Amino acid sequence: MIRILITITFTIFFYGMHAQEVVIDGDLKMGGKQIKEVADPSDAQDVATKNYTYSKAEVDEIVAEMQNQINVLKIANLPQQFTKKAVIDNFTGTWCPYCPNTAYAYELVAAQSNKVFRVEVHNGDPMTNVFATQLEEAFNITGWPTSYINRSYVWTFPQANNVDQALNAAQGTTNLGLAIASTLTGAQLQIKVTSGFLENKTNLKLVVLVLENQILNNQENYTPHYGGEPIISNFEHNDVLRYAATNILGDPTPSTIGEHKHYYNVALDAYGVLQPSKTAILAMLLNENGVLLNAQYAAVNQTQNFD
């Protein structure tokens, strides 16, 4: 049997544990095995400096148990599961007379669920910007309105008759989630996005967007919605894409078990935002194929914790 000499250094202390937590009645125990009687269980130095001899299998078992304890501490502030959210990317424009269909359909969705978020991606009107154009090109949009659910599949027209498509995308729980906090000072916005993972993941991407609400602009209309008027005066546009703090398709992001914090700063007035106090942050975690895994939304100056 191969035997090696190791020094028990108790790196577990780094995560806030104490010697007493691994000492039972004066016996030092790791990996479920008694290691050696400790002269003074309250003395971390006494525990941490002794040399003991173990087989490789015993060492592997000890290391695995220490890693398990570390992982437990890493997820201590996370929920047992995260609520699944969904996102609709809606490609629209004030010149588009059929686009009120999707606005109306989203109102039906929002009346039934607060777990489906929206990004209004404008084309050919005053709310168009470089980020909207990038997303439009990435999805090869050639007709308006077009709406994608979870960046995966098209919301079937007429959307108002297919509300369940959106609602069903935000059902159940998952093992990863997001929290958002922000501070707005004048037009300067500071954002903190925290991603949380209950198990290790790979090849994920993070998207962080700033959206603006309550923008008034006339809207062409060939639909029966909103009174059926051909021009809807001062139509209220919400969730309008204004800024992307990351690549519009996501930045590679750490996704090991535990929490990972991300910080962003932006001067909103440099990006055409009319009312900074009416903005909100949308954060999304995508898989390697760009499909949404989970999302979170929070108005500026509000904190949205993990849920």
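This tour goes from the whole chain to one residue, Gln296, in a predicted model.

**Whole chain.** Start with the full protein chain in cartoon view: five helices and 21 strands are assigned. Of its 307 residues, 50% count as buried. Switch to a surface display, and the accessible area comes to about 14600 Å², with 48% of that belonging to carbon and sulfur atoms. Among contacts with a separation of 6 or more, 74% are between residues 24 or more positions apart.

**Confidence.** Next, colour by pLDDT. The chain averages 86, and 77% of the residues score at least 70. Select residues 1–39, where pLDDT stays under 50; the model gives this stretch 90 contacts beyond four places in sequence. Then select residues 44–49, also below 50, with 16 contacts in the model beyond near neighbours in sequence. Where pLDDT is low, the predicted coordinates should not be read in detail.

**Gln296.** Now select residues 292–299, which form strand β21, and pick out Gln296 within that strand. Is Gln296 buried or exposed? Its relative accessibility is 2%, so Gln296 counts as buried.

**Surroundings of Gln296.** Show the residues that Gln296 touches, leaving out those up to four places away in sequence: Lys85, Phe117, Leu178, Ala179, Ile180, Ile281, Leu282, Ala283, Gln304, Asn305 and Asp307. Which residue has its backbone oxygen 3.1 Å from a polar atom of the Gln296 side chain? Label Leu178, whose backbone oxygen is the atom in question. Finally, draw a distance between the C-alpha atoms of Gln296 and Ser195: the two residues are 101 apart along the chain, and the separation is 9.9 Å.

How values were computed:
Residues numbered from 1 in each chain as written. Predicted model: local features only at pLDDT ≥ 70, side-chain atom pairs only at ≥ 80, totals over all residues. Heavy atoms only, no water. Helix = DSSP H or I, 4+ residues; strand = E, 2+ residues; numbered from the N terminus. Buried < 20%, exposed > 50% of the residue type's maximum accessible area, 1.4 Å probe, protein only. Contact = heavy atoms within 4.5 Å. Polar contact = N/O pair within 3.5 Å; in protein donor to acceptor, adjacent residues only side chain to side chain. pLDDT = per-residue confidence, 0-100. Areas by Shrake-Rupley, 256 points an atom, 1.4 Å probe, with all protein chains shown as cover.
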